[in-house]
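Here is a quick, friendly tour for anyone meeting this structure for the first time. Have a look at the model, then read on.

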Amino acid sequence: MTTLRDQGADTGQDEPRTRTGDLCAYAAGSVGMGVWVTVPGLLLLYFLTHTLGVAPFLAGLTLLLPKVVDVIVHPVLGSRSDRDARRDGHRRGMLRVGLLLAGAMVAMFSVPGGLSGVPGALWVGGWFVVGNLLFACYQVPYLTTPSDLRVGYHERTRVFMFRMLFLTLGLLGAGAAAPALVAAGGRGDYTRMAAVLSGVMLVSGLVSLAGVRRLTAHAGFRTPPERAHSALGDITTAWRDRGFRSLALSYLFTGTTTHLFLAALPFYTEYVFEDTGLTAVFMGAFLGPAVVAGPAWARLSRRIGKQRGLLISQAVFIAGSLAPLLGYGAAPAVAVVAVLGVAFAGLQLFAFSMVPDAVAAAEARGTARAGAYTGVWTATEASGTAIGPYVYSAVLALGGFVSTTEGHTVAQPDSAHTALLLGFTLVPAILMITALTFQLRCPLDQGR
């Protein structure tokens with residue numbers, strides 16, 4: 001097992017330090033990524049069940065099944081990205097294709113007036129597939145960039161700290177703006193919301209293209225080795241890596257937990273506090289502290305390492321998930337959500353910055369395929385974004401939750417209220433405990 005101590009060239013000594021301006025331009029792309037992660041994750045399940053009249057179980061499948069495509073496509077695109085990098089000396093070609101994602105998001109929320117129920121679900125699900133494919137074209141080469149740079153262990157954390165900061169700004173902006181823009185609950189409101197936020201996605205993507213070019217030009221670009229291998233071989237190599245496998249499995253359950261939280265939040269505010277306006281407040285409380293917490297976590301990692309930081313973040317999220325079972329008012333709830341936001345910043349920063357560490361360790365063994373590793377990683381992330389809302393929708397269905405259409409309300413049975421609360425508290429805690437268990441097996445920081 002190759003540890004970070006064994007990587008002589010990976011200590012960060014005598015390696016270029018990335019320039020702040022280049023990092024900001026590169027990280028700007030995460031604003032658009034934050035929009036795409038937040039809007040479907042926060043609103044799509046609610047949109048389906050409260051505006052289109054889709055039953056909870058079918059609504060969950062509408063969000064889950066498109067991600068099956070992602071599990072296949074992301075690793076393949078990772079290998080394709082490696083081939084592009086060897087041929088062109090960069091990965092920007094796929095990034096340009098991913099800019100079309102803005103149009104797909106507008107189409108996904110522009111459901112024709114005559115479509116509700118199953119037809120409405122098919123429309124949303126079809127465009128969700130298209131959007132996920134375009135997002136993969138952007139996400140895979142974008143997140144491979146830190147692995148491509150000729151920088152060391154702590155500098156990779158710094159790169160991802162900037163990325164996390166801008167991602168949080170995207171999540172925060174979309175998390176506050178999207179619920180406010182669709183407060184009336186009409187189909188037209190959802191279309192206008194998607195159009196406004198898609199413009200933000202497009203601009204941030206264009207800026208990040210320039211940032212990727214400048215970053216790799218200054219810090220150096222690790223061209224993938226010339227070896228003949230298949231996409232399946234790349235995936236197999238990545239999955240046989242014990243450290244990477246443990247990290248990926250841990251993040252699968254971490255991502256499932258955090259996206260369940262996003263999907264459940266509108267239900268929690270409406271049926272526990274009877275105030276849908278609190279959704280935007282809670283999102284601000286969740287993501288606002290993360291802006292400050294990201295740099296703080298980065299400084300802490302220099303003292304305790306990324307593995308310990310990630311385990312602490314997971315433990316805090318477990319405790320925070322269970323806290324609503326105590327029963328309290330809106331003000332304490334905002335405070336608990338803020339603590340969850342601090343933990344969320346650590347979950348993102350440490351997990352993502354350990355992926356280049358896994359690639360560097362593999363490079364020391366002569367098996368590095370950065371694009372393939374990133375492809376498997378983003379497939380894992382995509383799975384979590386779908387499984388989380390699906391798990392919550394399944395809990396709602398078991399509780400007998402009743403869907404409705406635009407302009408109508410319906411009384412929910414007591415079992416539905418119990419289900420939506422347990423789905424917001426106990427279920428996430430169990431999922432995050434599973435994530436922590438897998439993370440304990442990750443050896444990447446051994447020897448530091």
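## A pocket between helices

First things first: this is a predicted model. Let's begin with the second largest pocket, where α3 (56-88), α9 (231-240), α10 (242-271) and α14 (370-398) each bring at least two residues to the lining. The largest share is that of α14, with 4 residues.

How much space lies in the second largest pocket? About 170 Å³. If you want to find the walls yourself, look for V71, P75, I235, W239, A248, L249, L252, V376, A379, T380 and S383. Sorted by type, the lining of this pocket has 9 nonpolar and 2 polar residues, with no charged ones.

## Closed spaces inside

Now for the cavities: the structure has 8 of them at 30 Å³ or more. The largest cavity holds about 180 Å³ of space. Its lining is made of 18 residues, and W36, V37, K67, F128 and T385 are the ones nearest the centre. Helices α2 (29-50), α3, α6 and α14 each add at least two residues to that lining, and α14 gives the most, 5 residues. The mix in the largest cavity is 8 nonpolar, 7 polar and 3 charged residues.

The second largest cavity has about 160 Å³ of space. It is lined by 19 residues, with V37, L171, H259, F344 and Q348 closest to its centre. Two or more lining residues come from each of α2, α6, α7 (153-181), α10, α11 and α13 (330-365). Here α10 supplies the largest share, 4 residues. By type, the lining of the second largest cavity splits into 12 nonpolar, 5 polar and 2 charged residues.

## A helix with a bend

Helix α11 covers residues 278-304, which is 27 residues. At 1.5 Å a residue, α11 should span 39 Å, and the 36 Å between its end C-alpha atoms agrees with that.

Where does α11 bend? At V292, by about 40°, and the proline P295 follows within four residues. Just past the end of α11 sits G305, which takes a positive phi of about 90°.

## A threonine tucked away

One more stop: T144, found in helix α6 (residues 117-148). Is T144 buried or exposed? Its relative accessibility is 0%, so T144 counts as buried. A polar atom of the T144 side chain lies 2.6 Å from the backbone oxygen of V140.

Terms used: Residues numbered from 1 in each chain as written. Predicted model: local features only at pLDDT ≥ 70, side-chain atom pairs only at ≥ 80, totals over all residues. Heavy atoms only, no water. Expected span 1.5 Å × (residues − 1). Bend = angle between axes of the 7 residues up to and from the residue. 1 Å grid on protein atoms, 1.4 Å probe; cavity = no way out; pocket = protein on both sides within 12 Å on 5 of 7 lines; lining within 4 Å. Points joined across faces, edges and corners; volume = space filled by probe spheres on them. Nonpolar A, V, L, I, M, F, W, Y, C, P; charged D, E, K, R; others polar. Buried < 20%, exposed > 50% of the residue type's maximum accessible area, 1.4 Å probe, protein only. Polar contact = N/O pair within 3.5 Å; in protein donor to acceptor, adjacent residues only side chain to side chain.
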